[in-house]
Amino acid sequence: MTIATKRGHDPIPLSSLAFWTSTAEEREPSFRELRRDRPVSWHPPFEGALVPDLDPDGGYWAVVRHADVMAVSRNPELFCSGRGVMFEDIPQFVADAAQSFLQADAPRHTKLRRLVSTAFTPRQVARIEAQIVRQAATIVDDLLAGPAEFDFVHAVSKRLPMWTVSDMMGVPLDDRQPVVTAADSMVSWNDPEVQAGRDPLQVLTDSLIALHGHARALAEARRADPADDVMTALVQAEVDGERLTDDEICAFFVLLSVAGNDTTRNTISHGMKALCDNPDQRALLTEHFDAHIGTAVEELVRWATPVMTFRRTATADTELGGQPITAGDKVVMFYSAANRDETAFPDADRFDVTRHPNEHVGYGGGGPHFCMGASLARRQLRAIFGELLHRVPSLELGPPELLVGNFIHGVTRMPGRYTPSR
Ligand code: HEM
């Protein structure tokens, strides 16, 4: 193992946009090399970052091993979130307006997270679960009633997460698609198709204005007329005897819209593709669905790793994977690389719906920011794959079109078809 000379840049181009236009399989040999030889490596600031890194010695440590990602994630005193969680620096006004407690540390994170967790109580989840099961069935009803050739992302993957998050928040029917479109742009500003001639900052600003507009209107509506949803809980909630401000409510609305949509959607897309590409695994899961769906859902998330990176900042001089780290250094966790770590997952490049144990870091490395929606996502995946595998056995998928970027492992389009039964 090489201990990097501090500030000497690693030759693997993790900071180039071109690296992130390739597929996950194409990137994997680079991550394998890093895991094996340079598990904590120093890289220059991301190319074309929204906020230039003015430090002449700027850059970040790339953490690619499973054990090191867990160590960073579980030590928030040493690796904090409050100085940014995105791979690249983003303008402060965007972070404030979009990330809510995702970019906060204790004690504020703990308080806000506790407050919002009322939305994820067993009663709320049970209420939502019944809807998820009905909606998964409706999605497949609609698929079978439509043309036999379709875009799988549009016809299937996108729909369930959009419904679940909208139901939770109380978003009116007509606002759901615009909310999802704006939420998508929040995580895909590097993609030329999303930019459509705008500069990345304009993409973010346009999305934030749209999402905050929806959130404010909804907050006002719930103050006047409370309902059984998260927005009502937010407008009525108090932290330390104080109500949340409209800005705080809007920021949480953006966080939930983004966190709950792109993640499950891309797990459905990558997951169904993996099942199509591995017919033995698909047959096994279809035939013994109840026996294997629990482990399969974890493997689908490991395989897809829809959130590829999150960042922390070192609060003190320390050491990670044998590499000295200085206070103030940025540390990026590569969940995608950790989820293929051979030392944590035997035969890591094999898609195995029976894999157990499967301590993947798809929902984070087990620290205080661990995904709040994990159990909800598991229910969504169980419901939609149950419907798809049993009711559309002839479903085939073509090559996915991928989102360009270092954050969300996104599928923008994927051709699908099935053979209608006579
Ligand atoms: C397969 C689906 C999903 C994946 C892979 C996923 C992944 C993640 C990851 C990696 C994090 C950051 C963890 C960390 O920093 O330690 C996170 C945080 C979060 N997720 Fe998810 N997520 C998924 C679905 C959802 C859903 C459905 C919701 C809500 C409806 C949700 C809500 C959140 C929230 C609110 C946070 C912030 C938690 C905090 O900062 O304390 N997620 N998620």
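**Helix over the sheet.** I began with helix H2, residues 66–73, in this predicted model. I found that H2 lies across E1, E2, E3, E7 and E10. Its direction makes an angle of about 125° with E10.

**The sheet itself.** Next I looked up the strand order. I read an open sheet of five strands, E1-E2-E10-E7-E3, with mixed pairing. E1 and E3 (79–80) stand at the edges with a single partner strand each, so one side of each has no neighbour in the sheet.

**Two pairings, followed through Tyr 60.** I then checked how E2 (residues 60–63) is joined to E1, and found four bridges in an antiparallel arrangement. His 43 has Tyr 60 of E2 as its bridge partner. I followed Tyr 60 onward, and its bridge partner in E10 is Lys 330. E2 and E10 (residues 330–334) pair in the parallel sense, again over four bridges.

**Faces of E1.** Are the residues on the two faces of E1 buried or exposed? I went through residues 40–43: Val 40 and Trp 42 on one side are buried, and so are Ser 41 and His 43 on the other. Both faces of E1 are thus covered.

**Around the ligand.** Last, I turned to the ligand and its shell of 28 residues. Gly 260, Thr 263, Gly 364, Cys 371 and Gly 373 come nearest. I sorted the shell by type and got 16 nonpolar residues, eleven polar and one charged. Which helix gives the largest share of the shell? It is H12, with seven residues. H12 spans 246–277, and H16 (374–391) also supplies at least two shell residues.

Definitions and conventions. Residues are numbered from 1 along each chain as its sequence is written. This is a predicted model: local features need pLDDT of at least 70, side-chain atom pairs count only at pLDDT 80 or more; totals for chains, interfaces and linings use all residues. A residue is buried if 20 or more other C-beta atoms lie within 10 Å of its own, exposed if 12 or fewer, and partly exposed in between; C-beta atoms are placed from the backbone. Two strands pair if DSSP finds at least two bridges between them. A residue is near a molecule or strand if its C-beta atom, placed from the backbone, lies within 6 Å of it. Ala, Val, Leu, Ile, Met, Phe, Trp, Tyr, Cys and Pro count as nonpolar, Asp, Glu, Lys and Arg as charged, and the others, Gly among them, as polar. Two residues are in contact if their C-beta atoms, placed from the backbone, lie within 7 Å. Axes are lines fitted to C-alpha atoms, for helices over the stretch in contact, and angles run from 0 to 180 degrees between N-to-C directions.
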